[in-house]
Amino acid sequence: MRDRDRRVLTLAALRPVPDFSRLCQLRRSSVAALRRLLRWLDESGLALYLLTQLQSHKALDQVPPDFVDALKRRLAANRARTQAMLNEFTRLVDSFDRNGVRFCALKGFSLTPEFCPAAHLRHQTDFDFLVTPHSLENAKRAMRSCGYDQEQMGEPGEVTFATPLRHVPSPNDDIYAIPRHREVDLLSTLRLSTHGVTIQTPMASFDDLETRVLHGISFPALPAAEMFCLQVMHAFKHLLGSWVRASWLFEIGHFIDRRYDDEKLWRAVISRMGRDVKTQNAFGLVISLTNALFPRPIPEPLADWCLQKLPPRITAWVAHLGLKTAVADLDGAKFTLFVHREFVDDRGLWASYVKDRIFPVGRWSSIGRVATTGIGPKLRVSASQWRHSMHRFVFHVQSMFSLPLEAIRFRYALRSVERQGGVVAGASAKVPYTV
């Protein structure tokens, strides 16, 4: 059995109506194969959701005992990690309040329970806050008072702060350990402008924020409709960048289930996002992919708005390449370029972007800035950066060889959809489709 097949088995087990029928095949997998599967479950954010699913359906005996033990160790470690991050989150919220910052929490802890039943089931890496432009300087002062330094200006309207990174990152790091390094993103706008695509994500008035309480911690957060819009567009942004964490789609599905009958909310989502075709297609892409992996009924207003008139290119991409994208390694898969084209009008801009994506000369990603002293630590940083760069180099070379073949396959898939009239499989609110 291939690694990809094992990953598909776990996705089937995580559906709203779970399919455990083939999970027993994991019992015939080698220790190394199960270790690779666990690593992918960690990176995809699904490991703890899978354990919860197996426990709630009394299906733990379907998988190897050592595999279950490994998941339980992760859960115990993530409980401690979550508590440590909650403590830090409280410290940041208190600092914002003391410094008169108008803010709200984004993603992270604000997603419980709408998107995630319990905070300790999510693997959270950083903190995100939306602040008013007039509060930005006060927010920066609050961050510095908590021991954070300004790292960089990210996308327009985004500033990153971090505590000093003194540990050299390694692929062998335990992602569930209590973090030794923390990052905070301060955003003054929710406008999505990345990878050559610009979409205006709605931003609620700061007078309309809701107060959330999590483990005794009170903080302002976006209303549910805006939260849903933000999460869908967050997944869309990362999808354009070649990789989307499967747990984000799982959580979007969880929200849909919780709010399925709330027609007022779905009308609010549609009203916030408007009737711009690109926006509707971006939503349709994410919802279709979510429904391909975790089939469920889609609320009729949402389906009518973003699924019924999807272009054949998006329909074909989800059907032919959606699953491959979902089970890809952390490096991602460049065949997201085949659907990305749907969202860029300027041919010149698109040609330049594709060239940079396929041949990213001089644009290698970095492990980040590590605060070090002494020759030994600096050598370890250099070695780690070299290994990281070589890994990315191999990925880009392999992509150059695999893309042409995948392009041919996708062309045939697109023609097939066009011959069928571009019908969107799974767009129906009553009959979702399966992988």
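**Exercise 1. Determine which residues are linked with Glu-114 in a network of salt bridges.**

Solution. The network joins Glu-114, Arg-258, Arg-259 and Asp-262, where a salt bridge is a side-chain nitrogen of Lys or Arg within 4 Å of a carboxyl oxygen of Asp or Glu. The model is predicted, and local features therefore need pLDDT of at least 70, side-chain atom pairs count only at pLDDT 80 or more, and totals for chains, interfaces and linings use all residues. Residues are numbered from 1 along each chain as its sequence is written, and side-chain values use heavy atoms, with hydrogens and water left out.

**Exercise 2. State how many salt bridges the whole structure holds, and work out where Glu-251 and Arg-122 lie.**

Solution. A search of the whole structure gives 22 salt bridges.
- In the salt bridge of Glu-251 with Arg-122, the closest N and O atoms are 2.9 Å apart. Glu-251 belongs to helix H7 and Arg-122 to the loop between strand E1 (103-106) and E2, so the pair ties together parts that are 129 residues apart in sequence; helices (H or I, at least four residues) and strands (E, at least two) are DSSP runs, numbered from the N terminus.
- Both Glu-251 and Arg-122 are buried, a word that stands for under 20% relative accessible area, with exposed meaning over 50% and partly exposed in between (1.4 Å probe, protein chains only).

**Exercise 3. Classify Arg-272 as buried, partly exposed or exposed, and do likewise for its salt-bridge partner Glu-226.**

Solution. The side chains of Arg-272 and Glu-226 meet at 2.3 Å, N to O. Arg-272 lies in helix H8 (residues 263-273) and Glu-226 in helix H6, so the two tie together parts that are 46 residues apart in sequence. With 37% relative accessibility, Arg-272 counts as partly exposed, whereas Glu-226, with a relative accessible area of 3%, is buried.

A further salt bridge joins Arg-313 and Glu-342, whose closest N and O atoms are 3.7 Å apart; Arg-313 lies in helix H11 (residues 312-326) and Glu-342 in the loop between H12 and helix H13 (347-358), 29 residues apart. Here Arg-313 is partly exposed at 25%, and Glu-342 is partly exposed at 26%.

**Exercise 4. Decide whether the ring pair of Tyr-49 and Phe-250 is stacked, tilted or edge-to-face, and treat Phe-338 and Phe-410 in the same manner.**

Solution. The structure holds 18 aromatic pairs; rings of Phe, Tyr and Trp (its six-membered ring) pair if their centres lie within 6.5 Å, and planes under 30 degrees apart count as stacked, over 60 as edge-to-face and the rest as tilted.
- For Tyr-49 and Phe-250, the centres are 4.7 Å apart and the planes stand at 35°, so the pair is tilted. This pair links distant parts of the chain, with Tyr-49 in helix H3 (residues 47-56) and Phe-250 in helix H7 (residues 246-258), 201 residues apart. Tyr-49 is buried at 4%, and Phe-250 counts as buried at 16%.
- For Phe-338 and Phe-410, the centres are 5.4 Å apart and the planes stand at 15°, so the pair is stacked. Phe-338 lies in helix H12 (residues 337-340) and Phe-410 in helix H14 (residues 375-419), so the pair ties together parts that are 72 residues apart in sequence.

**Exercise 5. Find which residues of the largest nonpolar core touch the most other members.**

Solution. Of the 108 residues in this core, Phe-228, Phe-236, Phe-283, Ile-287 and Trp-317 touch the most other members, and helix H6 (residues 224-240) supplies the largest share, twelve residues. A nonpolar core is a set of buried Ala, Val, Leu, Ile, Met, Phe, Trp, Tyr and Cys residues joined through side-chain atoms within 4.5 Å. A second, separate core of 28 residues includes Phe-89, Phe-103, Leu-136 and Phe-219.

**Exercise 6. Identify the strands that pair with E5, and give the sense of each pairing.**

Solution. Strand E2 (residues 127-131) pairs with E5 in the parallel sense over four bridges, and Phe-129 stands opposite Leu-186 in E5; two strands pair if DSSP finds at least two bridges between them. Strand E4 (residues 158-162) pairs with E5 in the antiparallel sense over five bridges, with Glu-158 opposite Leu-187. Four of the five residues of E5 (residues 183-187) are buried, so this strand is largely enclosed by the rest of the structure.
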